[in-house]
Amino acid sequence: MIFEELLPGLWKFNDTCNVYVLKSGDKAIAIDFGSGKWMEDLSSLGITSLEHVLLTHHHDDQCEGLLKHDHWPFEIHAPAGEELFLSPDKKDEFHRAPWFGGGCPLSYAAPHGRINNIRYDLSGFGSFFWNDLRLRVIHTPGHGRNACSIMISHCDKQIVCCGDAAYEGAKIWEPYHLEWDHWTGTGALAAWEGVERLRGIGIGMLCPSHGSVISRNPRNMLRTLSGRLLQFYRQKGQISPGEPDRDIKGEKLACGAWRYLPHLYQFGSNGYLVVSKKGEALVVDPTTGDMKVLEDLFKELNVTPSAIAVSHYHFDHCDAIPELRSRYGAKVWLHPRVAEPWEDPEHTILPWLFPKRLDPFELWPDRGVWNWNEYSFKVAPWPGQTWWHCVFMTEIDGKKVMFAGDSFQPSAIWNGTGGFCAYNNSRFLDGYVPSVQLAFDWSPDIMAAGHTNCYLFATKKFVKIQRWARETHDAVLALCPSEDLEKDYYSLFDRISEKGFRRLPVGK
Ligand SMILES: [Zn+2]
Ligand SMILES: [Zn+2]
């Protein structure tokens, strides 16, 4: 295995992650473990006994090799809290993809099994003593909530093994690990705080888990990284700063639904209803929790549902389809892009994917017109919160109404967006930007967005969103080691793909 001597008695091995080995006499300790192959070279370095392995965090590239044996002749230590992903005493929930029914999991890279006999005794600002040597533990979250750095004083230098808290060139290895949920910047902010902690230390040599060691002015690099993390955090915030919500005033019906126009209704947590002259209804984004109010609405209006349309594949926008179809015989119309995840939902890795096939359904054209009763809908792909999203617009009672799903919301809710993250396959220059352009081109009066948010369209707001999307692209890219979003950010899907599960390709 390729390795280099960093200082007398300190080596870096290029395993699945960098493994740092520190020698004292003929004994040694290691920071992280990787595959464990590096141990074959220890005897050539005069090391007869490896006494401790200290893991910076639980990711499989740090420790997968430890699965090879139940017992090892050395002690294994990990940060407190990592037992959730490593200990045999915990549930085995992180080792199988996909995580149906859920959003972002707590880990994208837990090892493929559980590791025995780990001591979870590394905790933020504690010390680990090896003989007379004090190793300091510094809490540097990011690649998970519990990740730590280990500081070693050796050869009159303070050496900080920082795990994946930093990468050469002020980047983050696999930056999607900072997305602890699908929309907030919590993970980014925690990572920033960790980097600020490191920046406060007199570091002689910074030793990350991937890439090169940084010996020249590591604090300068950390300062740049700190700024980039903060920028990434900011982009997780408001997408149309300072814009009023422009909520439309509705009229509440006896059943609890809202009338926004004589033929446009909003019901429950997510859905809309369009009513035709002859008493047929089109149901938009039906979810099971909204079925009662929807059926009460049918009765109150004396209409029968004949069609169902869906803005995107998230289950809270479509899981009532089977029920509606069996009860009323309503026909389902899907945009081809929205239908893609359901070609093989049991083997597709996407968040909040309704895990059952929805066919039979009719397909809309990719871009074109769909006629239902007296209404003529324009339809198009509309990537934003997720790639597999569409939009449809028609004139209702003299107003152009755009059924907008989850990508763009009033400023006062969720920072004006359904959030962006790699796991949702949110796209910027080829997602949010062209989707905003489409809104300009179609120039709607009303945005009938998901989660009850029906508001007036304003060009000013969407100009801000377009700027935000470009800045967000730049902010994510700035953290990517290879300066390629596909390789570093959307590669999350390669990471979690397991045998038999497919990564859904993103067409252009
Ligand atoms: Zn990691
Ligand atoms: Zn959604």
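The following legends describe an overall view and several close-up views of a predicted model.

**Figure 1. Overall view of the protein.** The protein comprises 508 residues, of which 58% are buried. Its secondary structure amounts to eleven helices and 26 strands. The C-alpha trace extends over about 90 × 45 × 40 Å along its principal axes. Among contacts in the protein with a separation of 6 or more, 65% are made by residues 24 or more positions apart.

**Figure 2. Coordination of the zinc ion (ligand 1).** Three histidines and one aspartate supply the donor atoms: H57 through NE2, H59 through ND1, H143 through ND1 and D164 through OD. These atoms lie at 2.2 to 2.4 Å from the zinc ion. The angles subtended by the four donor atoms run from 87 to 178°, and the arrangement is therefore irregular.

**Figure 3. Placement of the zinc donors along the chain.** The donors of the zinc ion (ligand 1) occur with the spacing H-x1-H-x83-H-x20-D. One of them, H59, belongs to the loop between β5 (49-54) and α1 (60-63). Another, H143, belongs to the loop between β9 (133-139) and β10 (148-154). Because H59 and H143 sit in these two loops, the pair ties together parts that are 84 residues apart in sequence. H59 has a relative accessible area of 2% and is buried; H143, with a relative accessibility of 2%, likewise counts as buried.

**Figure 4. Packing of helices α5 and α6.** Helix α5 covers residues 291-301 and helix α6 covers residues 321-328. The two helices pack at an angle of about 35°, and their axes are 12 Å apart. Their crossing is right-handed. On the α5 side the contact is formed by M291, L294, E295 and F298, and on the α6 side by E323, L324, R327 and Y328. Sorted by class, this contact between α5 and α6 contains five nonpolar residues, three charged residues and no polar residues.

**Figure 5. Surroundings of A190 in helix α3.** A190 is part of helix α3, which spans residues 186-199. With a relative accessible area of 14%, below the 20% limit, A190 is buried. When neighbours within four places in sequence are left aside, A190 is in contact with P141 and W180. G124 is 66 residues from A190 along the chain, and the C-alpha atoms of these two residues are separated by 13 Å.

Key. Residues are numbered from 1 along each chain as its sequence is written. Chains are lettered from A and ligands numbered from 1 in the order in which they are written. This is a predicted model: local features need pLDDT of at least 70, side-chain atom pairs count only at pLDDT 80 or more; totals for chains, interfaces and linings use all residues. Side-chain values use heavy atoms; hydrogens and water are left out. Axes are lines fitted to C-alpha atoms, for helices over the stretch in contact, and angles run from 0 to 180 degrees between N-to-C directions. Helices (H or I, at least four residues) and strands (E, at least two) are DSSP runs, numbered from the N terminus. A crossing is left-handed if the near helix is turned anticlockwise from the far one by less than a right angle, and right-handed if clockwise. Contact means heavy atoms within 4.5 Å. Ala, Val, Leu, Ile, Met, Phe, Trp, Tyr, Cys and Pro count as nonpolar, Asp, Glu, Lys and Arg as charged, and the others, Gly among them, as polar. Donors are N, O and S atoms within 2.8 Å of the metal (3.2 Å for Na, K and Ca); water is not among the atoms, so sites may look incomplete. Four donors count as tetrahedral if all angles lie between 85 and 135 degrees; four count as square planar and six as octahedral if opposite donors are over 155 degrees apart and all others between 65 and 115; anything else is irregular. Buried means under 20% relative accessible area, exposed over 50%, partly exposed in between (1.4 Å probe, protein chains only).
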